[in-house]
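Q: Pick one part of this structure and take me through it closely, please. I'd like the wider setting too.

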Amino acid sequence: MPDGPRTETATEAAPDRLSEFPRHQERIMKGNYAAAEAARLCRVGFVPAYPITPQTTIVERLSEMVSNGEMDATYVNMDSEHSVFAAAMGAALGGERVFTATAGQGLFYAHEVLQAISHFRLPMVMCNVGRPSIPWNIWSDQSDSLSQRDTGWIQYYGESSQEVLDTIIQAYLLSEQLNIPVMVVLDAFYQSHTSENIWIPEQDLVDEFLPPRRTAEMSIDLAQPKAFGGLVPPEHYYKFNYNSWKDVNKVESLSAKIAGRFAGHFGRKYGNVEAVNIGPQTRLVLVTISSITTTARGVIRKYPDVGLLKIRLFKPFPKASVLDALKNLPENAILANVERNFLGDREGAIQQEMKRALYGSRNLRMLDFYAGVGGKDVPPLTIEKIIYRATHSPEDINWIDVD
Amino acid sequence: MKPALEFLIKDEKVYSGALSCRGCGWSLLVRHLSSILGENTVYVAPASCFSIISGPYPLNDLKGNIVHTVFAAASATATGVRASLDRQGKEDTTVVILAGDGGTFDIGLQALSGAAARGENILYIVNNNGAYMNTGIQTSTATPYGAVTTTNPNGGFKRTWPKDLMGIIAAHNLPYAATGSLAHLEDLRRKMKKAKDTPGFRLLMIDGPCPPGHKTDPAMSISIGRLAVETRLFPLYEIEQQQYTINYIPEKEVPVTECLKHQGRFRHLFREENYPILEEIQEHTDWYWKQLLSKT
């Protein structure tokens with residue numbers, strides 16, 4: 001017998017009725033197509049492409065839109081993900097707005113170039129549809145993007161496909177203001193291949209929000225030739241990194257500011273994090289990213305003393321936003337981090353980041369739950385097991401569905 | 001009769017003070033190339049000696065933009081640069097890759113093949129000095145049979161033949177590919193001009209003298225390059241859509257040993273027990289030349 005109570009169905013409560021968003025079209029589409037729509041709406045000029053499941057339908061859809069003239073972009077079939085990101089780097093240096101997408105092995109293969117792009121301080125946005133490493137597994141897992149969290153890219157995780165579309169639009173503004181590249185992550189299949197109602201903004205609405213890319217100093221200028229990326233002596237390299245660090249420190253507040261502007265302009269509100277039912281009465285908070293959040297939202301409606309902390313901006317980890325979201329949480333409450341990643345360490349990525357964020361500020365008990373690794377489903381029952389285990393003599397680190 | 005002066009650089013596009021070794025071919029090669037391409041040029045350099053020669057931050061010895069990029073992806077980076085220039089109406093800007101043999105024959109081959117097959121409007125220059133010289137003379141698949149490098153686990157020198165890059169390139173059915181030598185500057189400059197004026201993906205492979213790597217006298221760089229052509233170790237030819245033209249046919253049959261004997265990397269071959277290897281190199285060189293002749 002599994003431990004904990006059982007639920008009979010998935011999220012029982014009906015989703016909130018979406019209100020009408022003016023200057024939008026309501027469509028039913030899969031998450032990958034929503035990501036492609038976002039790239040079109042952002043007037044992306046260069047798309048280097050390489051197929052990999054479960055990302056492929058993003059680049060397929062982009063190819064279709066370029067081919068039929070819906071999108072004025074240069075689309076190139078590259079020879080690998082390493083080349084995809086190298087081409088993205090070249091075009092971004094040339095001043096173009098660049099978009100691409102990858103997953104799993106493709107992201108691992110591009111690791112070297114991810115580093116180069118962030119160190120060149122090039123703005124761009126990419127979508128990663130999370131899947132883990134070989135032995136072959138194409139299902140939902142965030143070990144790919146989370147293992148790239150130290151490459152200098154900003155990372156967002158979208159709970160819904162609407163959020164993915166909306167975040168891509170915000171990401172270009174953030175990326176081009178700070179000259180830091182952004183990765184927007186969506187879940188394999190739960191989002192990439194699942195149809196949802198999506199509100200597609202009109203082009204004018206996006207244009208008002210996102211101006212054309214201004215070419216930064218770090219662009220190829222034929223009138224003022226420069227050398228990009230040559231051997232940098234230690235004292236200069238140190239200073240470059242200091243400058244990057246200063247801008248990384250601006251991400252959290254600028255991200256919130258841009259999300260605020262987005263809410264005013266488009267009518268949909270996102271925070272760096274979102275607190276659900278976190279207050280003096282809360283004794284347990286589930287910490288989630290991506291679509292597991294939606295499942296948890298449904299489950300906790302039955303538990304008045306269980307809250308939810310959704311992390312949307314994951315890298316750089318939004319320490320101030322997290323502390324603010326937990327400010328009314330009593331000191332004897334427990335945090336349960338729900339992981340869809342395994343990084344070869346004792347603790348999963350969410351718990352690692354949460355500990356770093358809370359260190360010196362809050363001394364809350366923290367429990368880690370490996371829940372959805374390798375695409376293993378995280379249904380409401382698993383969330384209920386986590387709640388039960390967390391409140392009934394848990395281990396510090398738990399693999400919740402192993403038995 | 002006026003002497004031919006077509007090999008003179010009239011409009012210098014490289015600043016003085018390049019960081020190359022004495023007798024290195026890179027600077028001379030790039031001085032000629034840049035004087036022909038002009039300033040409306042973007043250079044892309046993967047990890048290579050030239051990435052160092054052209055200057056550490058904040059220097060740039062070129063009168064043009066240069067993008068230093070990761071080892072495996074010069075052709076992919078150049079693809080992105082090309083696309084951005086084209087989108088901005090700068091189709092007349094030349095995008096040129098300056099790569100070594102390691103970045104071309106080995107780690108950069110996939111990206112090179114991709115860009116060549118797509119017909120990207122890019123000029124690819126490979127300075128083939130036959131090893132990873134920037135890291136200190138390690139074996140590449142361009143390293144000649146019999147040459148000593150610092151990584152030869154099988155008895156101290158290379159015992160496999162170099163990859164036939166030009167054959168691979170020809171198979172991509174390019175509008176223009178050619179070999180060139182700094183000892184034949186008029187021929188080389190003509191090929192650079194032709195490569196500049198031909199749209200599509202073009203590749204020039206230049207024989208790269210490297211005194212520290214080849215263990216040669218820096219003053220002999222050009223002379224040894226001339227001997228490489230005379231001995232047919234480095235034939236001069238062009239390939240246009242798989243049509244071969246040999247640009248220089250040596251008058252006499254000069255044995256390969258005349259070129260090899262000046263290079264310390266082949267010194268061991270002149271010991272009696274290694275004479276059969278010298279014979280193999282001569283046979284292979286004759287065979288390759290015959291193959292070339294049969295293609296013209």
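A: Let's start wide: take contacts in chain A (C-beta atoms, placed from the backbone, within 7 Å) between residues at least 6 apart in sequence, and 80% of them join residues at least 24 apart. Bear in mind that this is a predicted model, where local features need pLDDT (the predictor's confidence in each residue, from 0 to 100) of at least 70, side-chain atom pairs count only at pLDDT 80 or more, and totals for chains, interfaces and linings use all residues. Residues are numbered from 1 along each chain as written, while chains are lettered from A and ligands numbered from 1 in written order.

Chain A has 14 helices and 16 strands, which are DSSP runs numbered from the N terminus (helices H or I, at least four residues; strands E, at least two). Buried residues make up 53% of its 403; that takes 20 or more other C-beta atoms, placed from the backbone, within 10 Å of a residue's own.

Now zoom in on strand 11 of chain A, residues 284–288, where five of five residues are buried. A:L284, A:L286 and A:T288 point one way, A:V285 and A:V287 the other. Generally, side chains in a regular strand alternate between the two faces of the sheet.

What about neighbours? Strand 11 of chain A runs parallel to strand 12 (residues 306–311) of chain A, joined by five bridges; pairing takes at least two DSSP bridges. There, A:L284 sits opposite A:V306. Strand 14 (residues 334–339) of chain A also pairs with strand 11 of chain A, parallel, over four bridges, and A:V285 has A:L335 as its bridge partner.

Note on methods
A residue is buried if 20 or more other C-beta atoms lie within 10 Å of its own, exposed if 12 or fewer, and partly exposed in between; C-beta atoms are placed from the backbone. Two residues are in contact if their C-beta atoms, placed from the backbone, lie within 7 Å.
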